[in-house]
Every structure is written in structure tokens, then in C-alpha cells.
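Student: Could you take me through how one reads the contacts around a nucleic acid strand, and then how one reads a sheet with its helices?

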Protein chains: 2
Amino acid sequence: MGHRAFKDRLYSEFATIAKALANPHRLELLDLLAQGARSVEDLAREADLTLANASAHLQVLRRARLVEREKRGLNVVYRLADPAVFTLWRTLRDVGTARLAEIDRLVATYISERQSLEAIDRDELQRRLVAGSVQVIDVRPALEYRQGHIAGARSIPVTELARRLAELPRDREIVAYCRGPYCVYADEAVSLLRRHGFRARRLRDGFPEWRAAGYPVEVSGETPARGRHRPTPRT
Amino acid sequence: MGHRAFKDRLYSEFATIAKALANPHRLELLDLLAQGARSVEDLAREADLTLANASAHLQVLRRARLVEREKRGLNVVYRLADPAVFTLWRTLRDVGTARLAEIDRLVATYISERQSLEAIDRDELQRRLVAGSVQVIDVRPALEYRQGHIAGARSIPVTELARRLAELPRDREIVAYCRGPYCVYADEAVSLLRRHGFRARRLRDGFPEWRAAGYPVEVSGETPARGRHRPTPRT
DNA sequence: ATCATGATCAATAGATATTTTGATTAGTGT
DNA sequence: ACACTAATCAAAATATCTATTGATCATGAT
């Protein structure tokens, strides 16, 4: 093997990883998988893909060794192969945020309130959690909460928030968080809470970033795979 | 704009960056640009591409805002748009190294000696540089050395090493470095030096990683653009 | 002015990716 | 055994990417 052939093969290997990331649907799937393991059916529903298409994209990720899968009954559950895969997606996201003006424009257009509402960052939230001066709510779907959430957070999916306002304190600030910096659930939650007179802010980013930074996390032992049935009791 | 349209556009933006990385030649170009700014001609020669093809690939990187360019006389000089771009490439490379067994296999096949020769890492090298117990040589092309090198290193391009052995000490260990962990120049240099009875090792990674980690760097003021002519005296 | 050079552009052919459709496989429950 | 479901596979249509060719443009040298 010549010097050139070696280089070509080496860079081609690295490019297979980049190719796996080079599709918007696959990035969305990775973002979902960063919340926890999920079935193909579930991923397809969340990402608005047909089952066959979601399956095909997941296989591309799998061939690049970015995700792994495991059969559980009728379902196949996919998970990130390594925490480094989340780091990679996050680094890509950060470069996009820093370099592409279009991203700021999109966020400003779709979440017009975001500029006016200051977000809280991880270390301030952790200090206030310890001090007990804040109520943290996880507004992601309950399945994601069960697979891992900020220690001390309550699960109130954004879809249920309007009818569960009575559960929330009026004497303490409420902090809502969701999947990540571009997830809108927390923005919607904060907006709703403020309209009802609560003091509320969002966490600047989401649960995967909190966990990656090593802050305390809790898990409610439940298995992720299920279609319309109840989760199977254990592995 | 609906929720789905927002997500689609957002992930598509992030995917443009991944798409720019999703080609082996473009990764090689980024790796070269991590050494310093260079002309299209120079990049094409180093990466074994036609001028038109190199130009096309550089424009893909430019549209993704990963590189910037500047006209200098007849040449167009490209540079990384941001140190974060190197971080991204490096994170991608690290995930590849960790996840793809094929990469290990390739390196073991092409650089069979690498396993047997232990590399030195950055902080040990820095300590020994300060102590003066080591001679560091930069075996990259002289142009790359001039644009930035490890403080205290001498430039001896690997192509000139065989006829410049007399310049090197026999009483101290020699550490050779080049472009990065997969660059073979340092391996070739170490191999040659050992055959001639020198004590020699390679730095585990290369100059861009050294600089990114904040270790001391020196620059010899010279402009990067030139074809077959002498460099223009100043900017 | 004229020419040579570095870079880009435009057009094209060939190779890869993506999505959909319908068929098939593996596992569950009756 | 039978029906049902989740997932994958195979094939095909479409879209996108890549490399090459030759033309064009800007710049610097003569």
C-alpha cells in the first residue's frame, strides 16, 4: 500500500462517520437518542418519518458505529453507541450555532420570545437546586423523563402542563428544561407559565448536556421499548 | 412556520456542516489547513487533486462557513474560519479512532513499527523541553513550520533529514512531530534516526493539537502564498 | 498591450443517497 | 396453526454529489 492509498483509505474511514451525520433526519434521530434508547417505531413517530425510512436511516448510523441496537420482543431498540457520539453531535451543533447566521435567524423567527427571556445555565441551576430555591420541571414526554432526568426534577410533559398548573409553586421560580438548546418544549412551557403569573425561566440547554457535564441525574427504572402496550416489566 | 418545518430547517442547517465534512478529500484539506493558511494550488498538490477539483471542494467548505479565503496576487489563500473547526474535525477523528476498528488495522498495516515505538505526549514533552533534555524537530514541510511550530523546535523536513543528521545531538533524545496522530512523517523520521543510532521518539499527535492545547508556539513571519516563485516579502 | 498563471465556472457523465412501495422475516398472542 | 405487529429488505424513481473537461476571468510579468 502506497502513501497515497493509505491516506485515501484513512480519510475515507473518517468520512464514513461524517456521512452518517450528513442528513437532517439522522441528526434528529441522534438528538432523540441522546435522550435515551428508543424503538424504531417510536423514533419514526417522533421524527415524522415512515417506519421503513427511519429504519434505513438508523442502519446508516449503525454501519458508521454511531448507534447500537438490541431486539426486545417485537421492537428493536436503538441507543447511542458511546457518549462520545453525543459529544460529536454537540460539537457539530456548536460550530453551526457559531458559524451559521441562518440558525439564529430561524430561532428568532420561530421562538420570538426567546431573546427577551433570559435562560439559566447549568451551574446556577445546580446551586439553586441545592439551595431549594427553585422548582425544576422536565417537560419532555414521560418516557424520556423515566430514562433519566435532572435529580430533583418533576415530570410535567408540556402537553399536560396547562391542566396541571395547580401542582406548581407560586412562591419559587420554576425552571423548565427539555431536550436541548433548540428544543421548544421548554420555551412553550415558560411562555404558558408566565401567562398564568408564575415566575419561570428555561434551562439554556437540555438534559443530555446536563448529564454530559456530570451534574446529578436520576433514573426511574423502566424499559424504553413499547408500542401501544404497557412497557414490559423488566429486561 | 409550523413546528415540523422549524425542526426540518434547523436540522438541515446543521446537516450542511456535516455534509461539508462528508468527503475524504475535504477532510484532508481541513487537516492541511489546520497546519496553516495555504493557496489552492498548494493544497491541490499536497492532497493529490486537480486544481479545479480542489477549488470545488474548498468552495463546499466555504459555503458551510468552515473556511475563509483571501486573494493574494495570483493566489487565493484559504484558512480555517475558526479554531472551533479544528476542534470539530478532531472530535470526528477521535470518534472514528474509538469506534472504527478498520482505522487501527490500517495504521498497523501501513506503519508496522508504530506499535513497538512508544510515543511521547504533550505534557511530558513540554516538561522535558523546559528541562532542556530533548531536541525537538519539526519534520513537516518548511512552509508549515514557518507558519507556526512548537516553541524551541528546529525545522528539518523529513525529505532533508537523511543529509542533515550531523546537525542532531547524540547525547539527548530527539522528538519528531508533524501534522497529527495519523501523519507518517514523524514515524519515518524516528525510524531513520533509530537506524542511525539516535535515540528518537515521536510526539503522539501533531502541531495543531499542541497549539489547541495552549502550549507555547512560535511563528517565523512569512506569507504562505506562493507558486513556484519566492514568497512575496510581506502582506 | 500581450502573455502566462492561478482560480473559478459551466456542462456533463458517472456514482451515491434518499424515499417510497410492496414483499418478507421474526416474534407475540390467540 | 393462524393472525398480527415491528422491522427489515429489495427494487425503482428521484435527487444530489463528484470529477473531469474546456472556457473564462483576474492578476502580475514582460
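Tutor: Let us begin with DNA strand D, keeping in mind that this is a predicted model. The strand is surrounded by 23 residues, and the closest of them are A:Glu41, A:Ser55, A:Gln59, A:Arg69 and B:His57. Of the atoms of DNA strand D that come within 4 Å of the protein, 82% belong to sugar and phosphate.

Student: Which polar contacts should I look at on DNA strand D, and what are their distances?

Tutor: One reads such a contact by asking which atom lies on each side. In the side chain of A:Arg69, an N or O atom is 2.4 Å from a phosphate oxygen of DNA strand D, while B:Asn53 has a polar side-chain atom 3.3 Å from a phosphate oxygen of that strand. For A:Asn75, the partner of the side-chain N or O atom is a sugar or linking oxygen of DNA strand D, at 3.2 Å.

Student: Which element gives the largest share of the surface near DNA strand D, and how do the residues divide by class?

Tutor: Helix H4 of chain A gives the largest share, four residues. By class, this surface holds eight nonpolar, ten polar and five charged residues.

Student: Which residues come nearest to DNA strand C?

Tutor: Of the 23 residues around DNA strand C, the nearest are A:His57, B:Glu41, B:Ser55, B:Gln59 and B:Arg69. Here it helps to separate backbone from side chain: B:Glu41 places a backbone N or O atom 2.6 Å from a phosphate oxygen of DNA strand C, and B:Val76 likewise uses a backbone N or O atom, at 2.9 Å from a phosphate oxygen, whereas B:Arg69 brings a polar side-chain atom to 2.5 Å from a phosphate oxygen. Among the elements, H4 of chain B gives the most to the surface near this strand, with four residues.

Student: Turning to the sheet in chain B, in what order do its strands lie, and which are the edge strands?

Tutor: One follows the pairing from strand to strand, which here gives an open sheet of four strands in the order S6-S4-S7-S8, with parallel pairing. The edge strands are S6 (154-155) and S8 (200-202), each pairing on one side only. Three bridges join S7 (residues 173-177) to S8, and B:Ala176 stands opposite B:Arg202 in S8.

Student: Which helices of chain B should I place against these strands, and at what angles?

Tutor: Helix H7 (residues 122-131) packs on the sheet, touching S4, S7 and S8, and its direction makes about 120 degrees with that of S4. Helix H9 (residues 185-195) lies across S4, S7 and S8 of chain B, running at about 170 degrees to S8.

Definitions and conventions: Residues are numbered from 1 along each chain as its sequence is written. Chains are lettered from A and ligands numbered from 1 in the order in which they are written. This is a predicted model: local features need pLDDT of at least 70, side-chain atom pairs count only at pLDDT 80 or more; totals for chains, interfaces and linings use all residues. Side-chain values use heavy atoms; hydrogens and water are left out. Two strands pair if DSSP finds at least two bridges between them. Helices (H or I, at least four residues) and strands (E, at least two) are DSSP runs, numbered from the N terminus. Contact means heavy atoms within 4.5 Å. Axes are lines fitted to C-alpha atoms, for helices over the stretch in contact, and angles run from 0 to 180 degrees between N-to-C directions. A residue is near a molecule or strand if one of its heavy atoms lies within 4 Å of it. A polar contact is a pair of N or O atoms within 3.5 Å; within protein, one must be able to donate a hydrogen and the other to accept it, and residues adjacent in sequence count only if both atoms are side-chain atoms. Ala, Val, Leu, Ile, Met, Phe, Trp, Tyr, Cys and Pro count as nonpolar, Asp, Glu, Lys and Arg as charged, and the others, Gly among them, as polar.
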